[in-house]
Amino acid sequence: MARLQREAWVEAGFAALCEAGVEDVRINPLCARLGVTKGSFYWHFTSRDALLHALLEVWEQQGTESIITAVDGADTTAAQRVELLITTVFAEDPQTDRIEPAIRAWAANDENAAAVVARVDERRLAYVRDLLVATGLSRAVATHRSALVYRALIGEFTWRSHGGPPLSKRALAQLGRMVLDHDG
């Protein structure tokens with residue numbers, strides 16, 4: 001029998017988090033879900049808290065740092081990177097659409113999760129702001145517009161997580177034009 005990988009535990013943890021909240025991210029139910037014993041869990045994690053920490057780490061890495069790395073790696077102008085960022089982060093992804101609101105719901109009642117969410121929010125906002133400044137917008141305008149884009153994104157995650165249709169490509173292109181408008 002092949003050993004269950006750490007990633008399988010993280011995926012199962014995210015599934016439980018999205019289905020019923022952080023209170024259901026428990027060792028015994030996850031073992032039952034995965035068809036393994038607690039020994040398998042403890043091979044990868046020292047405790048439930050370690051798994052919860054891993055969920056936050058993976059969310060931060062995949063939902064922030066890997067996206068920033070990809071956008072920064074594009075051999076394009078700053079304005080084109082803004083457009084790439086918008087199409088990337090607003091892309092419909094059922095897993096992301098569920099995880100983002102679930103993490104935020106968890107953070108509403110947990111100091112550790114709230115600290116990670118605050119750090120991620122700050123990183124994302126600063127990245128968008130700096131990208132907009134690189135297009136020639138003032139820091140003040142870029143700060144304001146990065147907040148608008150980010151709040152639209154959080155709303156989009158919530159909207160889609162409840163079955164709403166995603167923003168169209170046309171609407172995303174318009175958002176990009178509005179954010180980059182140097183006359184407005």
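**Figure 1. Overall fold: the chain has 9 helices and 0 strands.** The model shown is predicted. Along the sequence, the pattern reads α-α-α-α-α-α-α-α-α. The C-alpha atoms fill a box of roughly 60 × 35 × 30 Å along the principal axes. The chain has 184 residues, and 39% of them count as buried. Take the contacts between residues at least 6 apart in sequence: 67% of these join residues at least 24 apart.

**Figure 2. Confidence along the chain: the mean pLDDT is 95.** A pLDDT of 70 or more is reached by 99% of the residues. Helix 7 has the highest confidence, with a mean of 98. Helix 6 has the lowest, with a mean of 93.

**Figure 3. The largest nonpolar core holds 28 residues.** Phe14, Leu17, Val25, Trp59, Ile103 and Trp106 touch the most other members. Five elements are named as giving two or more residues to this core: helix 1 (6–20), helix 2 (27–34), helix 4 (48–72), helix 6 (94–107) and helix 7 (111–134). A second core is separate and has 23 residues. Ile68, Val128, Leu131 and Tyr150 are among its members. In soluble globular proteins, nonpolar side chains tend to be buried together.

**Figure 4. Close-up of Trp59 and the residues it touches.** Trp59 is one of the core residues that touch the most other members. Residues up to four places away in sequence are left out of its contact list. Beyond them, Trp59 touches Phe14, Thr64, Ile99, Glu100 and Ile103. Trp59 also touches Val116, Val117, Val120 and Arg124.

**Figure 5. Helix 1 crosses helix 4 at roughly 90°.** Two packed helices are described by the angle between their axes and the distance between the axes. Here the axes come within 10 Å. The crossing angle falls in the 65 to 115 degree range, so helix 1 and helix 4 are roughly perpendicular to each other. Helix 1 brings Arg6, Trp9, Val10, Gly13 and Phe14 to the contact. Helix 4 meets them with Leu51, Ala54, Leu55, Val58 and Trp59. By class, this contact has 8 nonpolar, 1 polar and 1 charged residues.

**Figure 6. Close-up of Ser146 in helix 8.** Helix 8 spans residues 139–161. The relative accessible area of Ser146 is 3%. Buried means under 20%, so Ser146 is buried. Leaving out residues up to four places away in sequence, Ser146 touches Leu125, Val128, Arg129 and Leu132. One of these, Val128, is also a member of the second core.

Conventions: Residues numbered from 1 in each chain as written. Predicted model: local features only at pLDDT ≥ 70, side-chain atom pairs only at ≥ 80, totals over all residues. Heavy atoms only, no water. Core = buried A, V, L, I, M, F, W, Y, C linked by side-chain atoms within 4.5 Å. Buried < 20%, exposed > 50% of the residue type's maximum accessible area, 1.4 Å probe, protein only. Helix = DSSP H or I, 4+ residues; strand = E, 2+ residues; numbered from the N terminus. Contact = heavy atoms within 4.5 Å. pLDDT = per-residue confidence, 0-100. Axes fitted to C-alpha atoms, helices over the stretch in contact; angles between N-to-C directions. Parallel < 35°, antiparallel > 145°, perpendicular 65-115°, else oblique. Nonpolar A, V, L, I, M, F, W, Y, C, P; charged D, E, K, R; others polar.
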